[in-house]
Each structure stands twice: as C-alpha cells, then as structure tokens.
Amino acid sequence: MQRDKKFFYEQYEQLNWKNQEETKINSQVNDYISDEVIMRHENESISLFDIGFGVGFFITNLSEKLKTKYKYICIEGCEPAKVSYEHFSKKDISGVELKISNQSFLDISSDKTFDFITAIYVFPHFTFDDLESVIKKINSMLNIRGKFIMVITSEKSYKEGLVKGKDLFNLVEDNKVIYQGKEYQEYLHKSLIPGIGDVYDFNRDEALYLEMFKNNGFSVNGQKELNDGYFLNKILVFEKK
C-alpha cells in the first residue's frame, strides 16, 4: 500500500465522518478547547482557522459559543476530503464570517492572520517531511501571541499498549525519524474509530513536536491529557512569540 501525503486525507473519502454528529466523538476535547482556551480571548472580535475541519463538528459548535461573547467572528478552514467538505458546506452557519476551502493546508492561501489556529487529530496525517513546512505556515498565519492548538493521541496511551503487547492501534510500521541530529520514534497505526471506520495515522514522540515548534518561533502555553471515552488525548497549546 502506498502511503504518500495524499493517502492520509484521501482515506477520509471512504469513512463515515458524518456519523461524528451522532457518536459525538471528540466532543469533550472540542468543549475543552472552546471553553478553556478560545473563549478566554479578551477582545470584541475573534478570528480562527481550523485545519482539516472534517464535517465541521468543531466549527459548528464553537460558532454558537462565540456568538454569546464576541461582536465580530471570523472563521476560516480547509478540508481536503471532498465528501466531508461538501457535507459541511451545506450547513447554515449564521452570524459568523465563514470561509472554507476544499484544499490541503499547504495548498491554501489566506489574506488574514488569526488569533487561533486549530488542528484536531490532523497532525497525525501529515508526513514527517511536511511537518516543518506546516509549522512555518502556521506561524505566518498567526497574530503575535496568537495560539495554535493541536490534538493528538497521548504518547502515554499508545506506548502503554505497545509495552503490554496489546497494541490498541494495530501497528503497521515502526519508524525512526531524525530532526536536528536527534532520533525520534514514529509509529504508523491503523485505528478503528467507532462509528467512523479504520483510520491510518502517525503517532510520534511528543518531544519531536515540542522541539519543532520551539525552533520555529513558538513557546508552550499549555498541555492537557483528556480521556473522551474513546482515546486518551493530548492537547498542546503553543503561543507565537
């Protein structure tokens, strides 16, 4: 099976992501990000870009919360999977300046900078070779002191499964990658997401992400582990210096 960069978002054409609206998977993570990070923004206006918005589960719920506090709301996002993009494009999101694109993140362009950029279970679908380009682009699209919020599977969760010999994530490949002369672990897994289907993605040492963001103009603003009933999630918040 060829697993180039297109594979990781084209697989979503075969999945039932619209069922997320029924299963509510990631809802606890979404609520934490909305309530504990984004809604703490102190201004009359707020702007956000969501990388890989899927069927718009996060954007739809967030926009309703934002309207209770902010006078001007700008939300943009990209989603390369056509099925998911078209599902969300049919929704009526009122009271928000909304712009969405059916493109991958490295292919999109925007004339705005944002207070927040989010990537909820999206970084596991970027290949290692693209990671630093993605981080540099995130930096260029954020306001000074803007925040990038990333959600990944907790390293503790998948490594614990490997050590016990009960790989909860169906290991496909065990790789090592080199960044700045240092070696990091990268696992390719196939995970069954209830109600959605089998998803291939990368789980990497969290230290790799921390080092990459540090080297590209970010500091760590917060970390949170949260079990949403499906997976143990790690939420990392980075702030642009």
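Two strands pair if DSSP finds at least two bridges between them. The views below show a predicted model.

**View 1. Strand 5 and strand 10 pair side by side.** Strand 5 covers residues 142-153, and strand 10 covers residues 232-240. The two run antiparallel. They are joined by 7 bridges. Within this pairing, Met 150 has Leu 236 of strand 10 as its bridge partner.

**View 2. The 7-stranded sheet is open and mixed.** Its strand order is 3-2-1-4-5-10-9, with mixed pairing. The edges are strand 3 (97-101) and strand 9 (218-227). Each edge strand pairs on one side only. From one strand to the next, the twist averages 15 degrees.

**View 3. The largest nonpolar core draws on helices and strands.** This core holds 33 residues. Ile 33, Ile 38, Leu 66 and Ile 149 touch the most other members. At least two core residues come from each of several elements, including helix 3 (27-37), strand 1 (45-51), helix 5 (82-89), strand 5 and strand 10. Helix 4 gives the most, with 4 residues.

**View 4. Close-up of Ile 33 and its contacts.** Ile 33 touches Ile 38, Phe 58 and Ile 120. Ile 149, Val 151 and Ile 235 are also touched by Ile 33. Residues up to four places away in sequence are not counted here. A second core, separate from the largest one, has 31 residues. Among them are Phe 49, Cys 74, Tyr 184 and Tyr 209.

**View 5. Three strands form an open antiparallel sheet.** The strand order is 6-7-8, and the pairing is antiparallel. Strand 6 (171-179) and strand 8 (197-204) are the edges, each pairing on one side only. Neighbouring strands are turned by 20 degrees against each other on average, direction ignored. Strand 7 (residues 182-193) pairs with strand 8 over 8 bridges. In strand 8, Asp 198 stands opposite Leu 192.

**View 6. Helix 6 and helix 8 lie across strand 6, strand 7 and strand 8**. Helix 6 spans residues 128-141 and runs at about 55 degrees to strand 6. For helix 8, the angle to strand 6 is about 35 degrees.

**View 7. Close-up of the buried side of helix 8.** Helix 8 covers residues 206-214. Its buried residues are Glu 206, Leu 208, Tyr 209, Met 212 and Phe 213. They sit on the same side of helix 8 because they cover an arc of only 155 degrees around the axis. In an α-helix there are 3.6 residues a turn, so residues three or four places apart point the same way.

Key
Residues numbered from 1 in each chain as written. Predicted model: local features only at pLDDT ≥ 70, side-chain atom pairs only at ≥ 80, totals over all residues. Heavy atoms only, no water. Axes fitted to C-alpha atoms, helices over the stretch in contact; angles between N-to-C directions. Core = buried A, V, L, I, M, F, W, Y, C linked by side-chain atoms within 4.5 Å. Buried < 20%, exposed > 50% of the residue type's maximum accessible area, 1.4 Å probe, protein only. Contact = heavy atoms within 4.5 Å. Arc of directions from axis to C-beta.
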